[in-house]
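Reader: Hey, I've got a structure open and I'm a bit lost. Can we go through it together?
Author: Sure, pull it up and ask away.
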Amino acid sequence: MSADRPFEAGLRRGAPAGPPPTDSEPALLEQIQAEIATTGPLTFARFMAIALYDPLHGYYRTAAERPGRSGDFLTAPDTHPIFGAAIARQVDEVWRRLGRPAGFVLREYGSGSGTLAATILAGLRSDGSELASSLSYEPIEINEARRRELFERLGPVAREPDRRAPATFQGVVLANEFLDALPVHRLVQLDGRLQELFVAWDAGLSGLVERPGDPSSADLAGRLGRDEVRLAEGQVIEVCLAVEPWLAEVAADLEGGLVLVIDYGHQAPALYDPARTGGTLRAYAGHRAHADPFIAIGRQDLTAHVDLTALEAGAQGHGFDVLGDVSQSEFLVGCGLEELLDRVRSNPATTMEAWLSLRSAVARLLDPAALGGFRAVLLGRGLDPEPPLRGLASRRPTG
Ligand SMILES: C[S@@+](CC[C@H](N)C(=O)[O-])C[C@H]1O[C@@H](n2cnc3c(N)ncnc32)[C@H](O)[C@@H]1O
């Protein structure tokens, strides 16, 4: 991949605020070079883990703003509070369907500074839901600066997850744009064989390059075999093995309720379609997307689309029911987005400016070429699947 590859438009694009960074964090580059010198080329998953999660310099560890208008990309919760207000309705329905249990928990993975939680709570309050006063919120966030902001912002409703066993709860587990940042392996079909792309140091080029070799784990070919994925010669794909341990953690804690995953994602046949020759790995910085992971290491986000077939099969393996998988726009409409819009429109206190900003945010949240094309996957445990949860009620027939 070349360092001068032109910057492309991206799904999470906001207004570019200046040229994106290209220089890598020197300490990370040194660490990667040293590790390659000691152990040989790294899997891409290891490279991505260093770039994103190194405790001192990883992209998700430092205090700089990541999502947000002055950060690198815009997520749905940053776009407008109406996103959280719609999700609040799904949370409230799950609480009711479980018989309005006391001690109901909303656990959010990758909570950032709590924008989604704050807007869900505001949505519950403005709907007059009794859950608003009894809900406990558990953020799971790797970034210390974001965690501090979150606890300050949300006050006593937010609490640390209880890590003592058994610490099971009834509630909703939310992961919005969380799974796409988990480290992925990169694979390529070469001369009719599945090979893994390792990250190596090229002394001549004085830079990182990808080198094919035998796969680092039999689970990679195992996954593709199970889902009957056939790759075309030269086709590059990403495979994430980290979703399964995440599901195991969630399954151990969630006694009853819903797991709601919202992310870029496709079922395996579409994700690994030979037409998608280069895979789905993207780097985001300064509201621009491109495909070169070897620039701006530690200063740009790295993501790959989620394999929904693997997510759903893994969830079933951990005892969840796959209740459904819809586009974000279907999910939001099912949750009552139009009614929420009407409420704002008919409120005499709504200014023209607020109304116009809401309308453009909703267009973005519903646009299949922007955030509306994300998938919402609903996994239930101990939840009656009928009638369908409201987030699934606007599902359009496929095929
Ligand atoms: C793309 S942002 C999404 C933030 C928020 N969910 C939203 O939609 O606006 C990903 C968030 O997940 C956090 N994160 C990434 N990997 C994580 C991990 N393994 N454990 C906990 N938090 C993580 C990041 O620090 C960041 O705040």
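Reader: Okay, which residues in H8 meet which ones in H10?
Author: Before that, keep in mind that this is a predicted model. On the H8 side you have Val-243, Glu-244 and Leu-247, and they meet Ala-310, Leu-311, Gly-314 and Ala-315 of H10. By type, the residues of that contact split into 5 nonpolar, 1 polar and 1 charged.
Reader: And at what angle do the axes of H8 and H10 cross?
Author: Roughly 35°, with the axes coming within 10 Å. The crossing of H8 and H10 is right-handed.
Reader: Cool. Switching to the sheet: what's the order of the strands in the open one with 6 strands?
Author: The order runs S3-S2-S4-S9-S16-S15, and the pairing is mixed. S3 (136–140) and S15 (321–327) are the edge strands, each pairing on one side only. On average, neighbouring strands of this sheet are turned by 15° against each other, ignoring direction.
Reader: In what sense do S9 and S16 pair, parallel or antiparallel?
Author: Antiparallel, over 7 bridges. As an example, Leu-260 has Leu-378 in S16 as its bridge partner.
Reader: Which helices pack on that sheet?
Author: H4 (residues 82–97) does, touching S2, S4 and S9, and its direction makes about 160° with that of S9. H5 packs on the sheet as well, touching S2, S3 and S4, with its direction at about 150° to that of S2.
Reader: New topic, the ligand. How many residues surround it?
Author: There are 19, and the closest are Tyr-60, Thr-75, Gly-110, Gly-112 and Ile-142. Helices H3 (76–79) and H5 (115–126) each supply at least two residues of that shell.
Reader: What mix of residue types is in the shell?
Author: The shell divides into 8 nonpolar, 6 polar and 5 charged residues.
Reader: I also clicked on Glu-65. Where does it lie?
Author: Glu-65 is in the loop between H2 (44–53) and H3. The C-alpha atoms of Glu-65 and Ala-145 are separated by 9.3 Å, though the two residues are 80 apart along the chain.
Reader: Why does Glu-65 count as partly exposed?
Author: Because it has 13 other C-beta atoms within 10 Å, and the partly exposed class sits between 12 or fewer for exposed and 20 or more for buried.
Reader: Last one: what do S6 and S7 form?
Author: A hairpin, with 4 residues between the strands. In the turn, Ser-206 has a positive phi of about 55°. S6 and S7 pair in the antiparallel sense over 7 bridges, and Leu-197 has Pro-212 in S7 as its bridge partner.

Terms used:
Residues numbered from 1 in each chain as written. Predicted model: local features only at pLDDT ≥ 70, side-chain atom pairs only at ≥ 80, totals over all residues. Near = placed C-beta within 6 Å. Nonpolar A, V, L, I, M, F, W, Y, C, P; charged D, E, K, R; others polar. Pairing = 2+ DSSP bridges. Axes fitted to C-alpha atoms, helices over the stretch in contact; angles between N-to-C directions. Left-handed = near helix turned anticlockwise from the far one by under 90°. Contact = placed C-beta atoms within 7 Å.
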